[in-house]
Every structure is written in C-alpha cells, then in structure tokens.
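Biologist: I'm new to reading protein models. Could you walk me through one, feature by feature?

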Amino acid sequence: MRLVFATKINNVSIDINKVRADFPILSQKIYGKDLIYLDSGATAQKPQCVIDAETEMYTHWNSNIHRGVHFLSNQSTDRYEKSRTIIKDFLNAKSEKEVIFTSGTTASINLVAHSLGDFCIEKGDEIIVTEMEHHSNIVPWQLLCQRKGAVLKVIPVTDCGELNIDAFKSIISERTKIVSVAHVSNTLGTINPINEIAQIVHNYNAYFVVDGAQGVQHGKVDVQAMDCDFYAFSGHKLYAPTGIGVLYGKEEILEQMPPYMGGGDMIKEVSFNGTTFAELPLKFEAGTSNYVGAYALGEAINYVNSVGVDNIEEYEQDLLKYATNKLSTIDGLKIYGTAKNKVCTISFLLDGIHHYDTGMILDKLGIAVRTGHHCTQPLTERFNIDGIVRASFTFYNTKAEVDALYDGLLKVKQMFS
Ligand code: PLP
C-alpha cells in the first residue's frame, strides 16, 4: 500500500490522519478515554498491512521454508527471501548474505558475543560498552568476559546524556577487540555519533557492533556509510510483529566467524565424522526461522518506506521540539537526556513524585507511558535515580497528544500537592 502525501503543512509531509487510520489499535478507547500511546520505544503498534501480512501467510502460504519442493514451500521461501532483500536495501547492506534473521536485538547481540567472541577474544582482551546501554548490550558481553577472562570497560555519559568521546579515546587500547554501542539510547533518546566512534574503533583494528534497537525506526540507517561491522535491531520496534529481528554483519567478518547455534538449515552435510556448514546467511539461521514474522517485517519496511524515512524523521523532530518546549514549562519537571542529537523520546521525573505513581495516574487518563529503569540500571544509577517516566513518541503521535500528556501531568501534580 502506498500513501499519497498531503502537501507540506508546517513543512511536514506526513498525512497524520491517514497514518493514524493505518494503525487500528490507535482508535481504541481505554477506560472510556482515547488511547494515547506513548510507549513505542518498548514496542511499536502495527499498521493494518502488517497484520494482514501475517494473516495472508497463515491463510495462503504457510509451509516450512527452504526444504520443500512443493508449491507452498516455494511460495513461503520466496516471501522470506524477498523480505531479506527488502531489509538489505533498507540498511544499504552490500548483499543478502549480510542479513541474518534472528528473533530480535537481544538474540542478534548474543549471536555476535558468542560467535565473534569465540573467534577473536582471548584472556586479557578488552571489550568496551557505554554507560547508557540496554541490559541486552551489557550482559552478553559480561558473560563473554567471564567465559574468556576478558575485561569489560565502559564509556561514561555526560550530564546531558551524551557519550564522553574524550574518555572513550583514553580507554580504548591495543587490547580492545570489540566495541558495542547503542545507536540511540532507549532511556535518554540520545543519537550517538556512530561514524566518529567507528573511525576510532577501526583505528585500533577492533570490531564495532551497533545496537540499533532504537535507531532503525527514527531515521535513515546506512550501514556502509556508518562503517559499523554489525547492526542489530528488532522488528517489533519497527512496526513488525514480535519474535523477528535482524543482525547485519559485514560479509568478510561473518565468513570468518564460527556458527552460533547448530541444527537444521545451517548445515551443508552432516556425518558422525564431521559436519560442514551452509553458506551465509543460513550458516547463522539454525532451525525453523520465523518466516511469517520475516515476511511481515518486509511489509513493515515497505510501509515505512511508503511514508518516507525522511518524512518520519522530520515529523518526529518537529514533535520532539514541541513536546520538549511544552513539558519544560511544568514547574518541578526535570527532563533527563538533553543531548543536541535526540530522537523523540522524553524521560522525566516530577519533583517529589515517584515515577510509578506518575505512570499509574497517566494510565487512568488513557495515556500509556513506561516507568522504571528501562533495562538501563547502570544509567539510572549514574543519574542517582531508581527509575524514570519515559514518553516515547513516533510518527503516529500528535501535538494534541503532547497537550494531553501535559494536562495529565498537571493533574498528577495536583493530586500530590
Ligand atoms: N537495545 C535497546 C537499546 C533496546 O531499547 C531494547 C529494547 O527495548 C533492546 C536492546 C532489546 O530488544 P529486544 O527485547 O527486542 O531484543
């Protein structure tokens, strides 16, 4: 389905009414109130075309991929592999061999931590992450360090929520083998300077992994221009179903890495004398893949492309400016994460009011925000807080919803005054 855009209104090219109509869940009422969904950072809602894609697969084409000679298996395989091509183009990867289907970002990072870790990490080597990472981009590296006797180092975050690049330059060394950094912080919204980091990492001949879970949905990702070695993301944050994700990896590196999981589909030949492995990308896709989710992910990307990645970025940046200005006028509200380069994610606390109470009251007003540590405990510790309220916006949100959040927060304050 292709959207026809309205002419630019306030310099923004999204036909918001049309977009919202594409997401059936958004027209629901919660507790008799209009649903205001400000939790897309946790998972995004799905457009009808994605919901239809799943139904279509199960209604017409369901059959296991790659191993069949019959019609349905060919249809299913064809959709799975076409989706891989859509993703390759979306990321500007060089080849389909560089696009591996996983179950999500967590699975993608674990794959790299195991396989690349086995390939290149020795006792005493160093792995670097940042203070703003999601637990999914900390714990797999800690486990790898435990297995191999390696050392985990951490790039600190400044008060406004940016990475301290000077500190990074001072901790990276000849012993650094892997650096893994979030493209965008899920808690602060900070967009990290991926190109600059890539250059530093590669000057030390280390591998550069980017956790793109919060990056891929907010602007153009070009893995070649970024010069990252790996880029991981989850379908469900990109308007696709849960249980499907991607690991992009440079072909020449993936070729050298050993398989991660063993099983069907990832082998060439198996005998008790030894096993040979399939070519990329199947070498890393053991077992029955989530081919239905993969097809729907392709449809989600087609949808995003039809809205326009640039239009989405422009619209969300406009919304970010509006929401930041509006929420900043609330007395006693402190925003955490004021980096120059941000996506439309605003985390905050109201003075003297627990984040959980704020979230509970907003919920009763129909407003879905997320509270807690957002799986970034080292980061909340760094800011001396035990949790935070996060409103994460996307291109189906509106300024009217920002206004509703603002009114809701005034009510929260009133109740606690
Ligand atoms: N990395 C970041 C920055 C995230 O925000 C998330 C999820 O919120 C993840 C990793 C993990 O994603 P998933 O649970 O889809 O594997």
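Biologist: Let's begin with the ligand. Which residues are around the ligand?

Modeller: Keep in mind that this is a predicted model. To list the neighbours, we take each residue with a heavy atom within 4 Å of the ligand. Here that gives Thr105, Thr106, His134, Ser136, Asn186, Asp211, Ala213, Gln214, Ser234, His236 and Lys237.

Biologist: How do the residues of that shell divide into nonpolar, polar and charged?

Modeller: There are eight polar residues, two charged ones and one nonpolar one.

Biologist: Which side chains have a polar atom close to an oxygen atom of the ligand?

Modeller: Look for pairs of N or O atoms within 3.5 Å. Thr106 is one case, with a polar side-chain atom 2.6 Å from a ligand oxygen. Ser234 has a side-chain N or O atom 2.7 Å from an oxygen of the ligand, and for His236 the distance from such an atom to a ligand oxygen is 2.7 Å. On its own the ligand has 390 Å² of accessible area, and the protein covers 84% of that.

Biologist: And which pocket does the ligand take up?

Modeller: The largest pocket.

Biologist: Now the strands. In what sense do S11 and S12 pair?

Modeller: S11 (residues 267-271) and S12 (residues 274-277) run antiparallel, with four bridges. Two residues sit between them, and the two strands form a hairpin. To see the pairing, find Val270, which stands opposite Thr275 in S12.

Biologist: What should I know before I look at backbone angles?

Modeller: Most peptide bonds are trans, and most residues other than glycine have a negative phi. In this model, Leu280 and Pro281 are joined by a cis peptide bond, with omega about 0 degrees. Pro281 belongs to the loop between S12 and helix H10 (291-307).

Biologist: Which residue has a positive phi although it is not a glycine?

Modeller: Asn205, with phi about 55 degrees. You'll find Asn205 in the loop between helix H7 (194-203) and strand S8 (207-211).

Notes:
Residues are numbered from 1 along each chain as its sequence is written. This is a predicted model: local features need pLDDT of at least 70, side-chain atom pairs count only at pLDDT 80 or more; totals for chains, interfaces and linings use all residues. Side-chain values use heavy atoms; hydrogens and water are left out. A polar contact is a pair of N or O atoms within 3.5 Å; within protein, one must be able to donate a hydrogen and the other to accept it, and residues adjacent in sequence count only if both atoms are side-chain atoms. Accessible areas come from the Shrake-Rupley method with a 1.4 Å probe; for residues, only the protein chains shown count as cover. On a 1 Å grid over the protein atoms alone, a cavity is a set of points where a 1.4 Å probe fits but cannot get out, and a pocket is an open set with protein on both sides within 12 Å along at least five of seven lines; lining residues have an atom within 4 Å of a point. A molecule sits in a cavity or pocket if more than half of its atoms lie within 2 Å of its grid points. Ala, Val, Leu, Ile, Met, Phe, Trp, Tyr, Cys and Pro count as nonpolar, Asp, Glu, Lys and Arg as charged, and the others, Gly among them, as polar. Two strands pair if DSSP finds at least two bridges between them.
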